[in-house]
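The report that follows is meant to be read beside the sequence and the model. It goes from single strand pairs to whole domains and then to a chain contact.

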Amino acid sequence: MSRLLIRNGRVIDPASDTDAPVGQVECLIEDGKVVEIGAALDREGAEVLDAEGAWVVPGLIDVHAHLREPGEEYKEDLSTGGTAAVAGGFTQVACMANTSPVNDDPSVTKYILDRAEKESPAKILPIAAATRGLRGEVMTEMVALRDAGAVAFSDDGATIMDASVMRQVLDYSRMTELPVIVHAEDRHLRAGGVVNEGPVSTRLGLPGNPAAAEEVMIARDIRLAELTGAHLHIAHVSTAGSVDLIRRARDQGLRVTAEVTPHHLTLTDEATMSYDTNTCVAPPLRSAEDIEVLRNALAEGVIDVIATDHAPHAGYEKEVEFTEAPPGMLGLETAVAVTLDLVRDGLLSPLEFIRRLSTNAAKLLSVEGGSLAVGSPGDVTLIDPEREWTYDPAEGFSKSRNSPWAGKRLTGRVVATVVDGRLVYHHERGVLTR
Amino acid sequence: MRMAHEIVESADGLDRLYLVAIPNGGVPLGRILVENLESLTGVHVPLGILDTTLYRDDLAIRGSRPQLRRTEMPSSVDDRVVVLVEDVVSTGRTIRAGMDALMDFGRPSHVRVVALIDRGHRELPIKIDYVGKNIPTQYDDKVILHVEVADADEAMIENEAGGEPQAKVGELRIVVRTGQAGRPPESPHREPAETREAGA
Amino acid sequence: MIGRDILGIEDLSREDIETILETAERMQEIGTREVKKVPTLRGRTLINLFFEPSTRTQTSFEIAGKRLAADVVNFSVADSSVSKRESLLDTAKTLDAMDPDVVVVRHKVAGVPHRLAEVLKAPVINAGDGAHEHPSQALLDMLTVREQKGQIEGLTVTIIGDIAHSRVARSNIYGFTKLGAEVRVAGPPTMLPAQIESLGVKAFTNLRDAIEGADVVMALRIQTERLEGACFPSVREYAATFGLDRAKLRFAKEDAIVMHPGPVNRGVELAHELADNRPSVILDQVRNGVALRMALLYQVAGRGGH
């Protein structure tokens, strides 16, 4: 029997709307589950983790990351990805299916779970492909994939351009009761665009990707979700127009949820003026007006969660012409520091902030977690919101280094991460393996 | 002017003479010489302007690129007696650059040099054929040449330490300043004054 | 300016532009000599790194370099498949190891000269990157206008064509506005880039309004191969609506000049009769191109002021 007592922290649990002053509430985990939460608990026989005034929150959950295994282990694998995750405070990570081979078959799903069990300190939740090979033509064996352990379906990386196929996918998915996650982008409208279409693309002389390319697809998919009654989850929302569509869908009572990335909440298209390919991302960084709307939408609850879209790429893959560079940036290790901006700017209380990084994500994927209530998994994250640090990807745990925050001074850091009652990461002791 | 006389005396036939001034300093002197030659002999000697900046030997070691000046060569130099016109000659490098530039324009029969001031400190074997005045200077002295209305007769020196100005109104005034350059005194009808640094 | 990268007009100050133009005016004279060479860049190495083929610009830079007595090396990187082609980064490092004094780069993707400039010790001159900038073209255009009109301040300059895909348009917009001209752009809506007004120009989809009272009318090349059917329905319609001929030119000022970066699609952007004779100054542009590029090389080649 192993016992872990977490004390001397500010316990913030959105599941019970708790935000207790430092030291008032303690959390006891036994054999991987929360057994007690309250004041002055009995620490007999327990390993004690002193939070030193840090926030004590349910383990963070990332619903959108690319961990590149199987097939692209040179960029990242389940070990390094899982380690980067816990260093960033994430106890559970949902990984996308655009691996090689694509996760469109139960054998690949099982492989991922198997490898994750052995190699990853974070719990890995595989997202399976919605269509075979991500080709957007024939749907996958969704029931078998769910039974193998998939938590959602997505062709992320690609978009299902044929509306009739999308309709079938949404319709059929209802049998699994799992969400379909869409990377909404009309490939034709995008027309090779690599930066947001607007004054910045005009100045840069790079092909522009108009907001309409995303909005047109979101509008279509919302209609199809309405038609089929499926649960549609929209990945990495980036424009004001998209928010508008989502808000109306929710007002109508449709089962539409959405996520936003740390970079789309904080970086405008001006960041691409240097032609730094680490700012090359899909959907592209948008205008200041778009960011304003996204932030408010997240605060309002029109957007449910913050998801990283962690997308590692090798240095040599990124050090090319801007139009040739694969889009994407790292996110797991910087998400907390970057998005704490919303708390600092007064848009979100710490409680609501954590809700969008943990509790809502658990609900979205129907997994246990996002709560410190008795019976919950022993997944806890400790965050020091004031701690200043300089982010150096070379010192980080990801295999790759493609981050626009490289070398930047950040405020707010995860100081410890506990998964199933085991301390797996501590900022002074590093990653603790089994 | 005495220099004009000397040029006339040593030339065998003014019809092949061609004055080529090196900007900026050589140009006003060149114009004055052409006028004087014409009033002396009735012959209008052509005046060319040849910027030597692109032929300088010190471009590689300088921190910035010097401004280029206008080049206008109205006549061919082939088979002519070219007289390079400079205001101040010191190291001789500008004259060397001028000769290299001239060679790219053609093949003069003779190349001679006329300068208003020779302040010594030669670094190359360059001689001045017609000189206005020899002024001994320290290597790092600056010679500021201040040119006034044409009609100059004889070059005079004004000693900065407060000596009597010996130049007549309308003549060339030459001021020798030691150490760092200051601003030359204001004067009417001023050609663009130029501060020549050591090594000109 | 020694050692400074020339990546775009956007980064040049008005003083920088004027210095370059004044130097170019001096360089024009060298082209009139019999021996069109000065020893200024003797022993310096100029590398022309052209990822996109271009006879005009490359030859112009080559002649400019040779007139300054530099050693000119032409690297034409053929557009073969990505797997066979050396990566951008490797090409840059290889070049840097050869110690050039100036590198001239052209590439079909914007931003490549910037990336190369980060790696190369030598200054990089952008000879055209995607739709971003083509600074030496705009500078020679400004030189030509100055030559014809005396000064640029207060003039009205109209640029006609596929502004959205044109680096020449962007560089000229920056250059002419910095020097005090009013710049207008004209073309079908599909060829005007997003929010082009943010660059300080007025946009027109009607040719007559655009050239009303203009002092300079600049027609850009339409890439018929690339765009027909996508941005505009046919060459015929483009020529009818935006092609310049003497009749349409009447709406400009009487002494307006006509410019074109070349090569001209006769009968499309410019009527046949306008391509050769006054008021067209196209050949002056070409001639000035060499002098301008000599001026750039003179100002920039070398390893930075010490």
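## Strands, domains and a chain contact

In chain C, C:I159 stands opposite C:V185, a residue of β6(C). This is a predicted model, in which local features need pLDDT of at least 70 and side-chain atom pairs count only at pLDDT 80 or more, while totals for chains, interfaces and linings use all residues. Residues are numbered from 1 along each chain as its sequence is written, and chains are lettered from A and ligands numbered from 1 in the order in which they are written.

**The sheet of chain C.** Strand β5 (residues 156-160) of chain C runs parallel to strand β6 (residues 182-186) of chain C, and 5 bridges join them. Strands are DSSP runs of E with at least two residues, helices are runs of H or I with at least four, and both are numbered from the N terminus; two strands pair if DSSP finds at least two bridges between them. The open sheet has 5 strands in the order β7-β6-β5-β8-β9 (chain C), with parallel pairing. Because β7 (202-204) and β9 (257-259) of chain C stand at the edges with a single partner strand each, one side of each is left without a neighbour in the sheet. From one strand to the next, the twist averages 20°. Helix α6 (residues 167-178) of chain C lies across β5, β6 and β8 (216-219) of chain C and runs at about 160° to β6(C); here axes are lines fitted to C-alpha atoms, for helices over the stretch in contact, and angles run from 0 to 180 degrees between N-to-C directions.

**Two chains with two domains each.** The bounds in the table come from an automatic or database domain assignment.

| Chain | Domain 1 | Domain 2 |
|---|---|---|
| chain A | residues 3-56 + 376-385 + 412-431 | residues 59-365 |
| chain C | residues 9-133 + 286-300 | residues 135-281 |

In chain C, the C-alpha centres of domain 1 and domain 2 are separated by 25 Å, and 23 residues of domain 1 of chain C are in contact with 19 residues of domain 2 of chain C, contact meaning that C-beta atoms, placed from the backbone, lie within 7 Å. On the domain 1 side of this contact in chain C, α12(C) provides the largest share, 6 residues.

In chain A, the C-alpha centres of domain 1 and domain 2 lie 29 Å apart, and the contact takes 19 residues from domain 1 of chain A and 22 residues from domain 2 of chain A. On the side of domain 1 of chain A that touches domain 2 of chain A, β18 (380-390), β19 (409-419) and β20 (422-426) of chain A each supply at least two residues, and β19(A) gives the most, with 5 residues.

**The strands behind that side.** β19(A) is mostly covered, with 8 of its 11 residues buried, a term for residues that have 20 or more other C-beta atoms within 10 Å of their own C-beta atom, placed from the backbone. β18(A) is joined to β19(A) by 8 bridges, and the two run antiparallel; A:L382 stands opposite A:A416 in β19(A). Over 4 bridges, β19(A) also pairs with β20(A) in the antiparallel sense, and A:T417 has A:Y425 as its bridge partner in β20(A). The hairpin of β19(A) and β20(A) has 2 residues between the strands, and A:D420 takes a positive phi near 50° there.

**Between chains.** The contact of chain C with chain B takes 15 residues from chain C and 12 residues from chain B.

Notes:
Contact = placed C-beta atoms within 7 Å. Buried ≥ 20, exposed ≤ 12 C-beta atoms within 10 Å, placed from the backbone.
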